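Biologist: I am new to this structure and would like to be taken through it slowly. Please start with the overall picture and then look closely at a single part, setting that part in its surroundings.

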Amino acid sequence: MEYVIIGNSAAAVGAVEGIRQIDKEGKITLISNETHHTYSRPLISYLLQGKTDRQRMKYRPDSFYEDNVCITLFGKNATEIDREGKAIVLEDGGRIPYGKLLVAAGSSPFIPPMPGIETVPKRFSFMSLDDAEALEKALFPQARVLIVGAGLIGLKCAEGIEDRVGKITVIDLAPRILSSILDEEGAHIVQEHLEKCGIEFRLGVSVKTFAGVRAELTNGECLDFDILVTAVGVRPNISLVKDAGGKTDKGIVVDEFMQTSIPDVYAAGDCVMSRDITSGMDRVLALLPNAYAGGRIAGIAMAGGEPPKPKMMPMNAIGFFGLHILTAGTYEGDVFEMREGSNYKKLFYSGNVLNGFIMIGKVDKAGIYTSLIREKTPLSDIDFEMVSREPSLIAFARSYRDEKLGGKSYEN
Amino acid sequence: MKRVYVNEEWCLGCHLCEYNCAFANSGKKDMASALKNIKIRPNIRVETDGKICFAVSCRHCDEPFCVSNCISGALTKEEGIIKIEREKCVGCYTCVLSCPYGCITPSESGAMQKCELCANNGGVPACVKGCPNNAIVFEER
C-alpha cells in the first residue's frame, strides 16, 4: 500500500504512528509546505518566551522519519487531488500517486477585512514557526505591540513577548477575553491577572481603519503602535478536498474512520469537522489532542486496522504568567460553582452526566473530571458532591478502584 | 508486565510511600537532607476520607491520554513505562487535564513529573519496597 499524507504536524504524526502500528512495510510519503522537522505549533509562544528552543520543540525525535520509514517531500505545495488518477498534483508539476491519502492540511490565519491594513509596515500572524521567527526579528525593547484578537493565540503571543517589548495592547470585538473557552466571571479573573502582568485591553471594539502605525478604533480612540499581530481566528484548509468534489462544511466532513466522501481519501486535524461528544454537534475542534487522535484513527483505518472510536471534545489547557486554566466539554446544564480568591471552578452537568468544566488557578487532578465527561460516567454511580468539591478517586465506587488501581477484572 | 497495584484493604494511610518516593527521586543520599523541611512532591499520593485510604500512582495505561494529548512530545511510552522528558516539557498542563487518575503533577521547576516505576532507581519501586503492609505491590496481574 502507498500512503500519502499532506501535512507534517500532529495529525500527520498520529497517522504515521497509526499506520505503522498495523503496516510496517507500506510506503509512506509526507508532503508539507513547511521545511521544518515536525514541531509543536502551540509551543511557538514558549519559544519566544525562552521556555523551549527549536530542538526541544520538535514534536518527535530527530530519527522519527527514519524510524518510521517515511519519505519526506518538504517545501512542496499540494495543489490538487486527482481522484480518478489517485494522485496528488504538486505546484511544481510533480505527481505523487496514492493508495490511501490523508489530508492533514491544518488551518490558516483568518484576517477579516480591516481598511488600511496593507499600510501597516510590520504585521504578523502567529500560527507557525516561521511566523514566530519573523515576529521575533521585529521585536525591540521599547516596541509598542498591538494584538488584534484576545483568544488563545493572541494572548499566548502576548505572554510570549511581554518580557521583550515595551507595551502590549490587545483588542477584541468580543466584550470579554478568551470568549471561546471562558464564561464572563472566569474571563474577568484571567483579564485582571493579565493586566497585573502588564497587558492592556480594549474590549468590545475593533479597528475602524489603519493608517501606517496608527489604528483608529470603533470607539473613536486612536492607538499608535510599532508592531501589529493579527490573531482573530483561523480557517480550516478545506480547498483540496472541496475542489475534488469532497463534502465540506466549515471543515472537511469525515466519518468515524476519518474518511472523507471521496474513496480512499481521509482527513484529520484542524481542517476537519468532528463530532463533539459533549454537545453532539459537528464542529471544528482545532486542538492538538484531537488532531493527534484523529490522525491516529485515520492511520489505523487506512492500514486496514480497527481504530478506536473517536471521542473528540473541546479541551483546553492554557496558562498565562503562572495562572493555569483548564477547560473541557460543553457549558450547559446545572452548575456547581466554587470560588476562593483567583481559584475558580465551574462544573456543568445534566441528565446524570458531567457536560463540561472550567477551572482556573487550582487545577490539580482536573483529568478526573475530563474522564467523567469522556466516559459519560453516570453521576449516580459516584459521590458527585464529594468529587465536585475536589476531584478524587475516593468518590468512585470501590469496584472502579479495584479495577483501575487493583488490576482486577470484572469481565469474567 | 509488572505494575504497582493497590490492595486497598491493607492500606494504613501511613504515607510512607510518599516519603520513600520523594526520597528515591531526590537524588540525595540520606533521607533527612532529602525530606527535612521540604514540601515533598511525591509521584504517589494517598487519598483518604478519614475511613478509607489507598495510594494512587500512574497506571501506565495501555492507551495513555497523557501521551497522546501531550503537545510537546515530552511524554512517551517505552517498554510499558510512561516517561517524561522534563527538558521538553513546557508545563502546559494538558496531561493534568488528560490523566483520569490525577497522577501527573508539576515539579518545582514547572515541568511535570510522574511515576516512572523507579526504572532508574534500581527497578523495584521505592514506594512498594517501603510499604509496611503490602498495600501496594509490584507484580503482574
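Biologist: What percentage of the 412 residues in chain A is made up of buried residues? After that, please take a close look at helix H1 of chain A: which of its residues are buried, and which elements do those buried residues pack against?

Modeller: The model is a predicted one, and everything that follows should be read with that in mind. To begin with your first question, buried residues make up 46% of the 412 residues in chain A. A compact globule of 412 residues would have a radius of gyration near 22 Å, and the 23 Å of chain A agrees with that value. Taken along the principal axes, the C-alpha atoms of chain A fill a box of roughly 65 × 60 × 35 Å. The secondary structure within chain A amounts to eleven helices and 25 strands. Among the contacts in chain A with a separation of 6 or more, 62% are between residues 24 or more positions apart.

Chain A is assigned three domains: domain 1 covers 2-106 + 237-302, domain 2 covers 110-233, and domain 3 covers 322-404. Between domain 2 of chain A and domain 3 of chain A, the C-alpha centres are 33 Å apart, and eight residues of domain 2 of chain A are in contact with nine residues of domain 3 of chain A. The side of domain 2 of chain A that takes part in this contact consists of four nonpolar, two polar and two charged residues.

Now to the helix itself. Helix H1 of chain A runs over residues 10-22 and so has 13 residues, and the distance from its first C-alpha to its last is 19 Å, close to the 18 Å expected at 1.5 Å a residue. Ten of those 13 residues are buried, so H1(A) is largely enclosed by the rest of the structure. The buried ones begin with the run Ala10(A), Ala11(A), Ala12(A), Val13(A), Gly14(A), Ala15(A) and Val16(A), and they also include Gly18(A), Ile19(A) and Arg20(A). Around them are four strands and a helix of chain A: the buried residues of H1(A) pack against strand E1 (2-6), strand E2 (27-32), strand E3 (70-74), strand E7 (100-103) and helix H8 (288-302).

Two residues of this helix can be followed further through one of their partners. Not counting residues up to four places away in sequence, Ala268(A) touches Ala11(A) and Ala15(A), and its other contacts are Leu102(A), Ala104(A), Met258(A), Ala291(A), Gly294(A), Gly295(A) and Ala298(A). In soluble globular proteins, nonpolar side chains tend to be buried together. Here the largest nonpolar core has 169 residues, of which Leu102(A), Val103(A), Ala267(A) and Ala268(A) touch the most other members. H8(A) gives the largest share of this core, with nine residues.

For the wider setting, chain A is also in contact with chain B, through 38 residues from chain A and 30 residues from chain B. Strand E1 (3-6), strand E3 (53-56), helix H3 (65-69) and helix H4 (94-98) of chain B each bring at least two residues to the side of chain B that touches chain A, and H4(B) gives the most to that side, with four residues. By class, that side of chain B has 14 nonpolar, eight polar and eight charged residues.

Chain B has a domain assignment of its own, with domain 1 at 1-57 + 117-136 and domain 2 at 59-114. The C-alpha centres of domain 1 of chain B and domain 2 of chain B are separated by 19 Å, and eight residues of domain 1 of chain B are in contact with eleven residues of domain 2 of chain B.

One residue to look at in chain B is Ile136(B), found in strand E8 (residues 136-139) of chain B. Ile136(B) counts as buried, having 25 C-beta neighbours inside 10 Å. Not counting residues up to four places away in sequence, Ile136(B) touches Val4(B), Val6(B), Cys17(B), Ala55(B), Cys127(B), Val128(B) and Cys131(B). Its C-alpha atom is 7.9 Å from that of Cys11(B), although Ile136(B) and Cys11(B) are 125 residues apart along the chain.

Key. Residues are numbered from 1 along each chain as its sequence is written. Chains are lettered from A and ligands numbered from 1 in the order in which they are written. This is a predicted model: local features need pLDDT of at least 70, side-chain atom pairs count only at pLDDT 80 or more; totals for chains, interfaces and linings use all residues. Domain bounds come from an automatic or database domain assignment. Two residues are in contact if their C-beta atoms, placed from the backbone, lie within 7 Å. Ala, Val, Leu, Ile, Met, Phe, Trp, Tyr, Cys and Pro count as nonpolar, Asp, Glu, Lys and Arg as charged, and the others, Gly among them, as polar. The radius of gyration is taken over C-alpha atoms; the globule rule is 2.2 Å times the number of residues to the power 0.38. A residue is buried if 20 or more other C-beta atoms lie within 10 Å of its own, exposed if 12 or fewer, and partly exposed in between; C-beta atoms are placed from the backbone. The expected span of a helix is 1.5 Å times one less than its number of residues. A nonpolar core is a set of buried Ala, Val, Leu, Ile, Met, Phe, Trp, Tyr and Cys residues joined through C-beta atoms within 7 Å.
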